[in-house]
Amino acid sequence: MRIGVLTGGGDCPGLNPAIRGFVLKALDYGYECLGFLNGWKGLVEGVSRPLVRSDVEDIIAMGGTMLGSSRTNPFKPGRESDRESVLANIKKFKLDAVVAVGGEDTLGVAAKLFKLGVNTVGVPKTMDNDLDYTDFTFGFDSAVSVATESVDRLRDTARSHNRVMVVEVMGRHAGWVALYSGIAGGADWILLPEIPLDLDEMCRHLMAVRQRGKMYSIVVASEGTEIPNPEDAPSALDAFGHVILSERGVGEYIAKEIEQRTGIEARFAVLGHIQRGGSPTEFDRVLASRLGIKAAELVHAGDFGKMASIQNNIIVAVELEKAVARLKTVPRELYEEVKVLFSR
């Protein structure tokens, strides 16, 4: 069998271990592996490279993706020719299956191709941890580790200057990174996309923190936190129709509001793509490797239209269509459970 593999969407630590796990298991079955470069763009343009043991055996500690990535969407309205190119190249390269490593958008394309008769398998990658039917996605633990270290560092400068420091972390629709790094970093307030913004409540709490003698505070805010947007402000969109959040300025907005409402000096730091880089954590290396192995096993079993998943520490298969049907967001009850850690 000849299997194509690609990595799509935003990069994150763990992609290389996933590629490695998949390729090593596929080679164990005697399969030929082709890596398509830069996500679905590689299948649109027919750009690939062979993957053998020597290509992958030493990449487990490397961040990013050896195959490159992009946000190319062959199902974008008006790009029907891209879709036809994908189908034509699958035939041209005589692929028996396509393994896609990515988040909701990348795996959404895989789910649509499966409906068109393409043998697809998905591997869940997203630092946002928002894919459904899996307890964790690789990339998340690494992102939380980077964010938590940043919060620890920013606490020092906040304490030195008696400031409020607002730390903006990634998270479009789901606030998992903000929640976990906020808890681990001992934040004084955490803002999530799932929880309506209440500036009055937050500022009252920050004032209470100061009144009891703690002269600095840390606020961790997800970039997807809903803030007022001027009606005349244009919103740039990516290939999947998502607003490009880097232009919204959540951290800056929150810091200005805190300073105006409380009189406390406030600064903000946007971690941005720093969270995507660097070597994967041990947890992500192991998780990505296990998921990559499962993807090869699904191909070998002919169990297509599925996504490798971890549930209760067991690697299982779930339907791709179900996994991308809705996002896994932070439940309100979880937020309320841990709110005692930052709201008293």
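This report walks through a few strands, helices and single residues of a predicted model.

## A strand covered on both sides

Let's start with strand β5, which runs from residue 120 to residue 124. How many of its residues are buried? The count is 5 of 5, so the strand is mostly covered, given that buried means under 20% relative accessible area. You can look at β5 one face at a time: Thr120, Gly122 and Pro124 sit on one side, while Val121 and Val123 sit on the other. Both of these faces are covered.

## The neighbours of β5

Which strands pair with β5? One is β4, residues 97–102, which runs parallel to β5 and is joined to it by 5 bridges. Within that pairing, valine 99 has valine 121 of β5 as its bridge partner. To get from β4 to β5, the chain passes through helix α5 (residues 104–115), making a right-handed β-α-β crossover.

Another partner is β10, made of residues 306–311, and here 2 bridges hold the parallel pair together. If you find valine 121 again, you'll see lysine 306 of β10 standing opposite it.

## A threonine in the crossover helix

Now zoom in on threonine 106, which belongs to helix α5. Is it buried or exposed? Threonine 106 has a relative accessibility of 3%, so it counts as buried. If you skip its neighbours within four places in sequence, threonine 106 is in contact with Leu6, Gly8, Gly9, Trp40, Ala100 and Val101.

## Helix α4 and its two sides

Helix α4 covers residues 80–92. With 13 residues at 1.5 Å a residue, α4 should span 18 Å, and its end C-alpha atoms are indeed 18 Å apart. Which residues of α4 are buried? They are Asp82, Val86, Asn89 and Ile90. These four cover an arc of only 105 degrees around the axis, so they end up on the same side of α4.

Turn the helix around and you meet Glu84, Lys91 and Lys92, which are exposed on the other side. What covers the buried residues of α4? The cover includes α2 (40–45), β4 and α5.

## Two residues with a positive phi

Just after α4 comes lysine 94, with a positive phi of about 55 degrees. That residue is not a glycine. Lysine 94 sits in the loop between α4 and β4. Its relative accessible area is 63%, so lysine 94 is exposed.

Tyrosine 133 also has a positive phi, near 65 degrees, and is a residue other than glycine. Where does it lie? Look in the loop between β5 and α6 (140–161). Tyrosine 133 has a relative accessible area of 37%, which makes it partly exposed, as that falls between the 20% and 50% limits.

## Helix α9 and its buried face

Helix α9 is built from residues 250–262. From its first C-alpha to its last, this helix of 13 residues reaches 18 Å, close to the 18 Å expected at 1.5 Å a residue. Its buried residues are Val250, Gly251, Ile254, Ala255, Glu257, Ile258 and Thr262. Looking down the axis of α9, you'd find them within an arc of 165 degrees, so they line one face of the helix. Among the elements that cover these buried residues are β6 (164–169), β7 (189–191), α8 (199–211), β8 (217–222) and β9 (266–270).

Glutamine 260 is also part of α9, but it counts as exposed because its relative accessibility is 63%. How far is its C-alpha atom from that of alanine 187? The two are separated by 21 Å, with their positions 73 residues apart along the chain. After α9 comes glycine 263, which has a positive phi near 80 degrees.

## A quick look at the cysteines

Two cysteines are worth finding in the structure. Cysteine 33 has 2% relative accessibility, so it counts as buried. Cysteine 203 is buried as well, with a relative accessible area of 7%. How many disulfides are there? A disulfide needs a pair of cysteine sulfur atoms within 2.5 Å, and by this rule the count is 0.

Notes: Residues are numbered from 1 along each chain as its sequence is written. This is a predicted model: local features need pLDDT of at least 70, side-chain atom pairs count only at pLDDT 80 or more; totals for chains, interfaces and linings use all residues. Side-chain values use heavy atoms; hydrogens and water are left out. Buried means under 20% relative accessible area, exposed over 50%, partly exposed in between (1.4 Å probe, protein chains only). Two strands pair if DSSP finds at least two bridges between them. A crossover is right-handed if, with the strands pointing away from the viewer, the path from the first strand over the helix to the second runs clockwise. The expected span of a helix is 1.5 Å times one less than its number of residues. The arc is that of the directions from the helix axis to the C-beta atoms. Contact means heavy atoms within 4.5 Å.
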